Amino acid sequence: MNGRLRRRYERLLFTYPSAYRAAHGAEIISTLLDAVRPDQQLPSPRETTSLLLGGLRMRARQAAKESPSRMWTDGLHLGVLLIVLVNLGHALEMLFPLWIALVAVGALAVLRGWTRTALAATAVAGLAVARPLLPQVALPWWLPGYGDWSAVARYAVPAVVLAVLAWPRVGRLHARSWWWLVLPAVAALPLEGDALSFAKAGLEVGLLLVVLVVVVGALDFRPAIAAAVYLAPGLLYAAESIAAGPPNTLALSYWVVLAALMVGLAAAAWRIRREQLTQ
Amino acid sequence: MSEPSYFILAALLDDPLHGYGIIKKTAELSDGRIQLAAGTLYGALDRLAEEGLLLADREEVVEGRTRRYYRLTDRGSHALHREAARMEQAARIVTRRSGLAATNPNLA
């Protein structure tokens with residue numbers, strides 16, 4: 001019985017920072033198991049809430065110790081990582097090996113925190129994507145032909161952010177977990193149709209809500225910066241679609257929801273930083 | 001100092017205790033009023049340790065369960081006594097008056 005309950009409690013520790021979990025996880029689980037009733041199978045609602053909030057508060061205390069420049073660096077890095085990984089997913093769908101290699105090098109460099117390599121690869125990819133829009137330049141054989149500026153934005157936005165992060169006075173980027181590579185694999189799944197678009201839109205809105213909870217609960221505005229960077233090319237795409245003709249009501253409402261969530265996140269992040277600075 | 005922090009430090013006055021020991025002792029000292037959940041307890045322990053009011057004393061593993069004992073530091077003991085004196089003085093403002101009220105019905 002205790003084995004199962006132990007595993008359930010261990011899973012509830014996921015909101016804690018990993019270093020804290022490594023140092024205190026076993027001890028907290030022991031305390032929880034000491035306090036259970038003999039017939040107890042499930043974590044009590046009271047302990048569950050306390051652990052979830054306790055983990056977020058622990059993150060908040062760690063975030064408050066970070067310098068504002070570190071918070072910005074981490075947030076921008078995370079936002080760029082999200083874009084380049086989704087780009088890699090889309091690139092994998094195409095049959096242009098050199099193009100896939102170029103995007104993959106950029107994505108890998110962002111993942112490992114190699115800022116200059118990432119900047120070079122993403123800037124070259126951005127220029128390459130922009131070429132079909134410049135009619136005087138012939139499309140080279142190894143490139144897919146994109147015909148819209150929003151596709152260019154998916155490379156230009158990360159390239160601009162990486163150029164900022166490559167500035168000598170900005171601290172080094174931390175290497176991120178290899179688990180992030182699951183994202184391009186999911187983005188490249190050969191699924192088509194309305195159901196998938198709905199699922200994707202729902203997933204994005206759901207993830208933004210999670211980010212909002214983390215930002216408010218853990219007083220950490222890094223996910224808000226990352227979400228803003230990630231959504232920037234999409235908002236350009238929305239603007240381009242609206243400019244091209246009367247917008248589809250569903251698509252418009254989707255972008256209005258995303259934009260509203262972004263405003264909420266920005267407001268939350270602003271309040272948090274002001275409170276941290278006045279403490 | 002928050003009430004849970006006060007009772008956690010008070011629980012450690014006599015001997016070092018592990019997590020569950022602190023939960024039981026704080027409940028006992030507060031007549032069952034303070035029932036610490038693990039998330040709250042460990043958040044408070046981390047904060048109090050950072051302020052230098054308590055520290056991890058030793059660790060032992062009993063029947064596969066890791067128990068870390070915490071003990072009060074000198075600084076923690078001073079802070080606790082200072083807080084107790086402050087609360088005593090604050091309480092006296094009211095209790096003295098209630099005492100007067102009890103002896104003088106006109107004030108009741």
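Where is the kink in H2(A) centred? The kink is centred on His24(A), and its angle is about 60°. This is a predicted model.

**Helix H2 of chain A**

H2(A) covers residues 18–34, 17 residues in total. From first C-alpha to last, the helix reaches 23 Å. That is close to the 24 Å expected at 1.5 Å a residue.

His24(A), the centre of the kink, is also one of the buried residues of H2(A). The others are Glu27(A), Ile28(A), Ile29(A), Ser30(A), Thr31(A) and Leu32(A). Their cover includes parts of both chains. Chain A supplies helix H1 (2–12) and helix H3 (45–65). Chain B supplies H2, H3 and E3.

**The contact between the chains**

Chain A gives 18 residues to the contact, and chain B gives 14 residues. On the chain B side, three elements give two or more residues: helix H2 (19–29), helix H3 (38–50) and strand E3 (65–72). H3(B) provides the largest share, 6 residues. The side of chain B that touches chain A divides by class as follows.

| Class | Residues on the chain B side |
|---|---|
| Nonpolar | 5 residues |
| Polar | 5 residues |
| Charged | 4 residues |

**Chain B as a whole**

Chain B has 4 helices and 3 strands. Along the sequence they follow the pattern α-β-α-α-β-β-α. The chain has 108 residues, and 30% of them are buried. Among its contacts with a separation of 6 or more, 42% join residues 24 or more positions apart.

Technical notes
Residues numbered from 1 in each chain as written. Chains lettered and ligands numbered in written order. Predicted model: local features only at pLDDT ≥ 70, side-chain atom pairs only at ≥ 80, totals over all residues. Contact = placed C-beta atoms within 7 Å. Nonpolar A, V, L, I, M, F, W, Y, C, P; charged D, E, K, R; others polar. Expected span 1.5 Å × (residues − 1). Bend = angle between axes of the 7 residues up to and from the residue. Buried ≥ 20, exposed ≤ 12 C-beta atoms within 10 Å, placed from the backbone.
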